[in-house]
Amino acid sequence: QVYLVESGGGLVQPGGSLRLSCAASGSIFSINDMAWYRQAPGKEREPVATITSGGSTNYADSVKGRFTISRDNAKNTVYLQMNSLKPEDTAVYYCNADATSTARSRSVYWGQGTQVTVSS
């Protein structure tokens, strides 16, 4: 089993910044793509940013130029640096990992989510 734990959420004013972290632990053999998703109240969960094991990234149009995804493969950790935050960025942010366990079972794992609130 692979576990994902997010941290770094909170309340920030518009224009401010936050850095989210997501650490993977457990019976990890390898981690492929990692990603951040978000879900605002009354809306469906949507992808925010993805990063491959090699470091290639992709972003939702709504966050391009403001958010940066990165990862530390040695620490099995993915980050999301969020700058110039807007009220519409308010959501629960979820970490996602495509991982293979030591039992050679490949699956997609989710964290429990961390709340980000952008408000004055």
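These legends accompany several close-up views of a predicted model.

**View 1. A disulfide joins Cys22 to Cys95.**
Let us start with the sulfur atoms. A disulfide is a covalent bond between the sulfur atoms of two cysteines. In this model the count comes to 1 disulfide, and its two sulfur atoms, from Cys22 and Cys95, lie 2.1 Å apart. The angle about the S-S bond is -80°, and the link of Cys22 and Cys95 is left-handed. Cys22 belongs to strand S3 (residues 18-26) and Cys95 to strand S9, so the pair links distant parts of the chain, 73 residues apart. Are these two cysteines buried or exposed? Cys22 counts as buried because its relative accessibility is 0%, under the 20% cut-off. Cys95 is buried too, with a relative accessible area of 0%.

**View 2. Leu4 sits in strand S1 with both cysteines among its contacts.**
Stay with the cysteines and look at Leu4, which has its place in strand S1. Which residues does Leu4 touch, once its neighbours within four places in sequence are set aside? Its contacts include Cys22 and Cys95, the two partners of the disulfide. Also among them are Ala23, Ala24, Asn96 and Ala97, as well as Tyr109, Trp110, Gly111 and Gln112. Leu4 counts as buried because its relative accessibility is 6%, which is under 20%. For a sense of scale, try finding Ser62: the C-alpha atoms of Leu4 and Ser62 are separated by 25 Å, and the two residues are 58 apart along the chain.

**View 3. Strand S3 pairs with S1 and with S8.**
Here the strand that holds Cys22 can be followed to its partners. Strand S1 (residues 2-7) and S3 run antiparallel and are joined by 6 bridges. To find your place in this pairing, look for Tyr3, which stands opposite Ser25 in S3. S3 and S8 are also antiparallel, paired over 6 bridges. In that pairing, Ser21 stands opposite Tyr79 in S8.

**View 4. S7 and S8 form a hairpin.**
Tyr79 appears again in this view, now with Ser70 standing opposite. How do S7 and S8 pair, parallel or antiparallel? They pair in the antiparallel sense, over 6 bridges, and 4 residues lie between the two strands of the hairpin. Look along S7 and you can sort its residues by face. In a regular strand the side chains alternate between the two faces of the sheet. On the covered face of S7 are Phe67, Ile69 and Arg71. Thr68, Ser70 and Asp72 make up the uncovered face.

**View 5. Asn76 and Arg104 have positive phi values.**
This last view visits two loops. Most residues other than glycine have a negative phi. Asn76 has a positive phi, near 50°, and so does Arg104, at about 65°. Where along the chain are they found? Asn76 is in the loop between strand S7 (67-72) and strand S8 (77-82), in the turn of the hairpin from the previous view. Arg104 is in the loop between strand S9 (91-101) and strand S10 (106-110). Asn76 is partly exposed because its relative accessible area is 25%, a value between the 20% and 50% cut-offs. Arg104 counts as exposed because its relative accessibility is 54%, over 50%.

Key
Residues are numbered from 1 along each chain as its sequence is written. This is a predicted model: local features need pLDDT of at least 70, side-chain atom pairs count only at pLDDT 80 or more; totals for chains, interfaces and linings use all residues. Side-chain values use heavy atoms; hydrogens and water are left out. Buried means under 20% relative accessible area, exposed over 50%, partly exposed in between (1.4 Å probe, protein chains only). Two strands pair if DSSP finds at least two bridges between them. A disulfide is a pair of cysteine sulfur atoms within 2.5 Å. Contact means heavy atoms within 4.5 Å.
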